[in-house]
There are 2 protein chains.
Amino acid sequence: MIGEDELIARYFAPLAGPAGLGLQDDVALFAPPPHADLVLSVDGLVAGVHFFPEDPPDLVARKALRVNLSDLAAKGAEPLGFALTLALPRDFGEAALAAFSRGLGEDSRAYHCPLLGGDTVATPGPLTLSITVLGQVPSGRAVRRSGARPGDRLYVSGSIGDAALGLRLRLQPELRGVLSESHAAALADRYLLPRPRLALREALRSGARAAMDVSDGLVGDLAKLARASHVGAELRLAETPFSQAAQELLAGRPELLEVAVTGGDDYEVLCAVPPDRAGAFEAAARASGVPVHAVGTVLPERDGVRVLDRVGAPRVFARPAFSHF
Amino acid sequence: MIGEDELIARYFAPLAGPAGLGLQDDVALFAPPPHADLVLSVDGLVAGVHFFPEDPPDLVARKALRVNLSDLAAKGAEPLGFALTLALPRDFGEAALAAFSRGLGEDSRAYHCPLLGGDTVATPGPLTLSITVLGQVPSGRAVRRSGARPGDRLYVSGSIGDAALGLRLRLQPELRGVLSESHAAALADRYLLPRPRLALREALRSGARAAMDVSDGLVGDLAKLARASHVGAELRLAETPFSQAAQELLAGRPELLEVAVTGGDDYEVLCAVPPDRAGAFEAAARASGVPVHAVGTVLPERDGVRVLDRVGAPRVFARPAFSHF
């Protein structure tokens with residue numbers, strides 16, 4: 001393996017913005033944007049836990065960055081830059097590193113999120129990454145988790161369950177028999193490459209009272225939003241958006257509905273919108289090109305969080321959210 | 001092991017400042033300080049690479065934070081807060097986690113550096129941490145690595161080599177025979193607990209043209225500062241400050257001088273000060289309570305980086321800086 005300095009110069013310095021000082025200093029240095037609040041998100045990813053060791057390194061890098069960008073998106077923020085810690089096992093060779101850096105650079109440019117700095121270390125364990133993303137949002141306009149009020153409408157962006165079903169297809173390849181090839185590929189892709197909903201930021205800032213990204217499963221994440229806001233909630237699965245691929249799989253294997261709504265890795269936005277702003281929110285979302293669907297209602301805290309199945313009957317899940325512990 | 005939410009609520013939420021939103025949101029959120037530049041530093045630490053798996057978890061946590069604070073110190077910055085990614089092996093139980101959180105909280109308070117956010121994940125590998133520290137410095141006043149000019153005096157803070165010698169004592173316990181017990185303990189302590197020189201920030205801002213923290217060995221880090229500044233440099237080991245403990249060990253084992261000046265983990269500040277500011281710099285340093293010593297001179301780039309030994313003869317080291325690769 002090449003030395004650390006050369007590794008940084010070759011694979012990471014090209015990703016650095018002006019704040020990164022060419023990755024030649026100990027730090028990144030920048031003037032904060034005026035009239036803005038700063039938003040910071042951190043995520044760690046471990047090979048064999050958050051992704052498969054055999055996943056292409058460029059996609060691992062892109063997923064790691066996108067997972068953090070999804071947190072910014074849900075707050076109505078836009079990216080300023082990111083810092084990376086990379087713990088490399090000995091068998092992660094230069095070809096893998098080159099692919100990792102290529103994927104990271106691609107998304108760094110696409111999302112206008114330059115590298116600020118980082119640290120590359122050796123590990124006897126699995127490939128481990130930590131990304132810290134900094135973002136900005138106009139002062140006072142960030143959308144928190146804790147702002148939902150009874151009567152608000154609950155919306156989710158995009159479609160729910162694709163990534164969790166894509167993961168299930170990898171774990172149980174025999175399920176592919178139920179699906180067309182293109183639908184199987186679409187679900188697999190959603191697991192590998194989240195789509196942070198940064199385009200929704202204007203709609204969220206002006207319309208939403210509370211928001212979070214769906215990363216651990218819709219049902220469990222809704223419970224978290226409700227807890228942070230001290231409210232209850234009703235989620236209606238009949239109105240929850242599923243992609244055509246997910247619908248095809250769920251038609252053949254209805255028991256996988258639980259995986260779809262509790263499995264996680266969606267990286268869609270869940271938000272609470274007061275009824276009098278719902279029209280404007282939907283219009284702004286339409287203008288952004290990101291589909292949103294009303295999926296439920298915020299209730300008083302005493303009503304708790306309930307899920308109605310596709311025929312309107314209450315449904316309880318054994319394990320509402322994904323957890324590594 | 002308890003669940004992730006409870007783990008965060010019990011061990012990390014108490015460390016969060018207001019920006020951390022009680023660690024109940026996806027992000028940290030804060031208004032940037034006015035008239036300030038932001039400084040960001042990242043460091044990863046892996047058990048078995050950067051510390052011993054048997055090191056007390058509270059000291060591991062404190063070292064991880066201090067290593068980053070040392071980067072801020074060298075830039076003349078002060079802490080705003082930090083983010084933590086913690087990859088926990090299965091055998092890192094609740095007692096270890098409680099100790100880790102206690103140590104981290106102690107230093108977080110002592111250095112006025114609250115927790116902004118983080119991510120706790122499981123790993124099949126060794127305990128792995130990544131800390132991102134954010135700091136602030138008055139606009140335009142950060143001290144970079146790249147500002148040294150020929151004729152500047154080179155200073156280092158504190159004493160050099162203690163931590164590297166402390167590490168060597170752990171690897172070769174028979175060396176303890178050369179030392180008094182209290183000196184052996186002092187060196188061991190310097191390896192476990194760096195002392196970030198945040199108190200030097202005023203002196204650095206007003207006096208230094210270039211600075212960095214010494215983390216990979218004085219000789220190699222001076223070469224990095226020279227490279228970033230496009231200058232040469234002369235380091236005089238006769239003037240390099242060694243603690244009484246280091247002096248005692250080096251008297252008995254002179255060959256360890258190389259370890260002392262190339263081994264790293266010093267977390268002292270190395271800086272370049274123009275001669276006409278040297279008096280003011282020394283006075284400001286004295287007022288801060290941090291000892292500084294002139295150890296060399298910045299030269300034109302063509303002169304390269306040279307080290308003069310204790311009798312003034314040129315000295316070349318096989319491996320001037322620590323590297324994990």
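**Figure 1. L40(A) stands opposite A28(B) in β1(B).** This close-up looks at strands that meet across the two chains of a predicted model. β2(A) pairs with strand β1 of chain B (residues 28-30) in the antiparallel sense, over three bridges. Two strands count as paired if DSSP finds at least two bridges between them. Strands are DSSP runs of E with at least two residues, helices are runs of H or I with at least four residues, and both are numbered from the N terminus. For orientation, residues are numbered from 1 along each chain as its sequence is written, while chains are lettered from A and ligands numbered from 1 in the order in which they are written. In this predicted model local features need pLDDT of at least 70, side-chain atom pairs count only at pLDDT 80 or more, totals for chains, interfaces and linings use all residues, and side-chain values use heavy atoms, with hydrogens and water left out.

**Figure 2. The interface brings together 64 residues of chain A and 64 residues of chain B.** Contact here means heavy atoms within 4.5 Å. Between them the chains bury about 4,700 Å², and 62% of that is on carbon and sulfur atoms. Buried area is the accessible area (1.4 Å probe) that two parts lose on being put together, summed over both. How many salt bridges does the rule find across the interface of chain A and chain B? There are five, each defined as a side-chain nitrogen of Lys or Arg within 4 Å of a carboxyl oxygen of Asp or Glu. One to look for joins D26(B) and R145(A), at 2.9 Å from N to O. Polar contacts link 13 residue pairs between chain A and chain B, with both residues at pLDDT 80 or more. A polar contact is a pair of N or O atoms within 3.5 Å; within protein, one must be able to donate a hydrogen and the other to accept it, and residues adjacent in sequence count only if both atoms are side-chain atoms.

**Figure 3. Helices and strands of chain A both touch chain B.** The elements that give two or more residues to this side include α1 (4-12), β3 (78-88), β5 (128-138) and α7 (218-229) of chain A. Which element gives the largest share of the side of chain A that touches chain B? That is β2(A), with ten residues. Sorted by class, this side of chain A has 35 nonpolar, 14 polar and 15 charged residues. Ala, Val, Leu, Ile, Met, Phe, Trp, Tyr, Cys and Pro count as nonpolar, Asp, Glu, Lys and Arg as charged, and the others, Gly among them, as polar.

**Figure 4. A turn of 180 degrees, with a shift of 0.0 Å along the axis, lays chain A on chain B with an RMSD of 0.0 Å.** The two copies are thus related as by a two-fold rotation axis. They are superposed by least squares on the C-alpha atoms of residues with pLDDT of at least 70 in both. To find the axis, start from G125(A): of the residues of chain A, G125(A) comes closest, at 2.1 Å (C-alpha). The same surface serves both copies, as 100% of the contact residues of chain A recur in chain B.

**Figure 5. Chain A holds an open sheet of seven strands with mixed pairing.** Follow the order β7-β9-β6-β10-β8-β11-β12. β7 and β12 (314-315) of chain A stand at the edges, each with a single partner strand, so one side of each has no neighbour in the sheet. Strands β8 (residues 232-236) and β11 (residues 305-308) of chain A pair in the parallel sense over four bridges, and A233(A) has V305(A) as its bridge partner. β11(A) and β12(A) run antiparallel, joined by two bridges, with L308(A) partnered by P314(A). Five residues lie between these strands in their hairpin, where G312(A) takes a positive phi near 90 degrees.

**Figure 6. Strand pairs and a serine contact in chain B.** β6 (residues 153-157) and β10 (residues 292-299) of chain B run antiparallel, joined by five bridges; here Y155(B) is partnered by A294(B). β8(B) also pairs with β10(B) in the antiparallel sense, over four bridges, and E234(B) stands opposite T297(B). In the loop between β8 (232-236) and α8 (244-252) of chain B lies S243(B). The side chains of S243(B) and D162(B) share a polar contact of 2.4 Å. Leaving aside neighbours within four places in sequence, S243(B) is in contact with S159(B), D162(B) and L187(B).
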